[in-house]
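Here is a short walk through one protein model. Keep the structure in view and follow the residues as they are named.

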Amino acid sequence: MKKKYSKLLLLSLGASLLLPGAITNAATKTSADFTDLAGLDAATKAKFDALLNAGVFEGNGTSQFGVDEEMNRAQFAKVAALIYGLEINKNITTSSFSDVGGDSGTNAWAIPYIEAAKKAGLINGRTDGTFDPSSNVNMAEFATVLLRGLGAQLDQTSTPWYADAIRQAISVKLLPDGSDPKQLATRGDLVVGAYNVVENIDELKKKLQEQNNNNNNNENNNNENNNGSEEPGDTDTPSTGGTIRPSYPSDKTAPTITAATINNRSVKVTDGTTGIISFKSSEYLTSGTLSVSEASTLSITSIEGISLSDYTSLSFTQSLSAGSNSLNLIKTLGALDPQEDGVSMSLLNQLDSNQDGLLIEGTLRDAAGNTSAIQLKIKADDIAPSLTAATINGSSVTLSDNYGSFGLLPNDYLRTGTITSNEDATFTVTEIEGIVLSQYSFNFSQEVKEDTAASLDLVSFLGSSDRQNNGLSYSYLKLLSGASDSLTLTGTLTDAAGNSSTVTLTINFLQYG
């Protein structure tokens, strides 16, 4: 039970960050405040309480919750966006649909939620390009949207288009047996469904992925007109060519990677499709996460240039929901290690034919058929970074094995500087003249990019101590040194894999003549 409540607490926290005003009001409401919830059993009341507290649902402005009232598409878009933790931009005031907001549209309040749900591929417009925000949601739409958020692969080529969605929703208990797809969903139905998603999201995603795998990854390769929207109004109209099947008239955007981690360490992601991360060869990879822009399917197609199509035992697919997901690929790689403690970097390094990082390639495919080619490179790195160049006041600093020194004359000021490393790293100053800075809550660090001269922020950082704001004077620095002939700063240069080298910078106080 503790695990379940933790998920609702996270949902409540996320919603409160997005809707602080609404959550403050909703948090004061419980099932006991609504007369039409009085006859519910305790377990059902607990579901209402949890989602009321999380701000996903509110009352209808009266003493009743409206448990038997239908919910329209604008309201459902908000529910879907909140339970799946989508990024909601509250500053969006213009909808991509002509009938939402604006001079002739309605439900302007829902624009941020509708746009977030649309971007994530959860809910789409009608085939005529409108959203139809005031139309009520039926069970077919309800099931389709919830399944999309869970990353399910839906076959919408059959007649009716929602048959597979209803089947899958019933199989994982999102809907009860015998559910009527055309029946309008009530607010009570949506509360129970949303609660089940929040509380059981990991288990639901696992079950759906197993179902997809059992179907031998038989993905629909028909054109976009067979990839479906969730709108029932467009499916029952006869025409010369037979049943009109739904489409994604506005979804032409391929899914992308928004963030990723391995062993709780961030992967460097560029262009939403390429990631790279380094580890020491002594480390083991045990866990990972992958965040994507919309619900999609991850398929790994090759490892180090070797196509997995010829090795079915190594094939890998995973259904992803919009937002953060566990990256099951790491556990799959871990199966290669007989000791079952994760996959060792030394083993992956053996598979790295070019010794430039193990290259894993694949695709992200959304429900509309939009596809992105993705790459992940995992590198073994046991070499500490080093300084390749540095300047002070425009003059080069003499460097040798990460030791640098330069001279300062009595009338000179320490004003500007640059630093260059042979790889991306973090430069941290730990001591000044033997004094450990951490003991005095005084610290300095900055990021340095590979082979790129970066402004040495340390100079301006130290210069801030000078009241005249013109850099640090010779006399002030000499005072810091204890009237010595030099001042030594010691620090570290640390790369993404955790390799670290010591850096020493010495200022020599020169004399005229």
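The model is predicted. Begin at Gly 55, just after helix H3, where phi is positive, at about 85 degrees. Now step back into the helix itself. H3 covers residues 42–53. Its twelve residues should span 16 Å at 1.5 Å a residue, and the end C-alpha atoms are indeed 16 Å apart, so expectation and model agree. At the start of H3, Asp 41 sends a side-chain oxygen to within 3.1 Å of the backbone nitrogen of Ala 43. Buried residues in H3 are Thr 44, Phe 48, Ala 50, Leu 51 and Leu 52. An α-helix has 3.6 residues a turn, so residues three or four places apart point the same way.

Next comes helix H4, residues 73–83. How many of its eleven residues are buried? Ten are, so the helix is mostly covered, by the cut-off of under 20% relative accessible area. Among them are Phe 76, Val 79, Leu 82 and Ile 83. Charged residues are on the list too: Arg 73 and Lys 78. At the start of H4, a side-chain oxygen of Asn 72 comes to within 3.1 Å of the backbone nitrogen of Ala 74. Just after H4 sits Gly 85, with a positive phi of about 65 degrees.

Now turn to charge. Side chains of opposite charge can pair when their charged atoms come close. The whole structure holds eight salt bridges. One of them joins Glu 141 to Arg 73, with the closest N and O atoms 2.8 Å apart. This pair links distant parts of the chain: Glu 141 belongs to helix H6 (residues 139–149), Arg 73 to helix H4, and 68 residues separate them. Both partners are buried.

Another salt bridge brings together Arg 265 and Glu 283, at 3.5 Å from N to O. Arg 265 lies in strand E2 and Glu 283 in the loop between strands E4 and E5, so the pair ties together parts 18 residues apart in sequence. Arg 265 has 24% relative accessibility and therefore counts as partly exposed.

Further along, Asp 356 meets Lys 377 in a salt bridge of 3.9 Å, N to O. Asp 356 is in the loop between helix H10 and strand E12, while Lys 377 is in strand E13, 21 residues away. Asp 356 counts as partly exposed, at 35% relative accessibility. Lys 377 does too, at 22%.

Finally, shared partners join several salt bridges into one network: Arg 73, Arg 126, Asp 132 and Glu 141.

Note on methods
Residues numbered from 1 in each chain as written. Predicted model: local features only at pLDDT ≥ 70, side-chain atom pairs only at ≥ 80, totals over all residues. Heavy atoms only, no water. Buried < 20%, exposed > 50% of the residue type's maximum accessible area, 1.4 Å probe, protein only. Helix = DSSP H or I, 4+ residues; strand = E, 2+ residues; numbered from the N terminus. Polar contact = N/O pair within 3.5 Å; in protein donor to acceptor, adjacent residues only side chain to side chain. Expected span 1.5 Å × (residues − 1). Salt bridge = Lys/Arg side-chain N within 4 Å of Asp/Glu carboxyl O.
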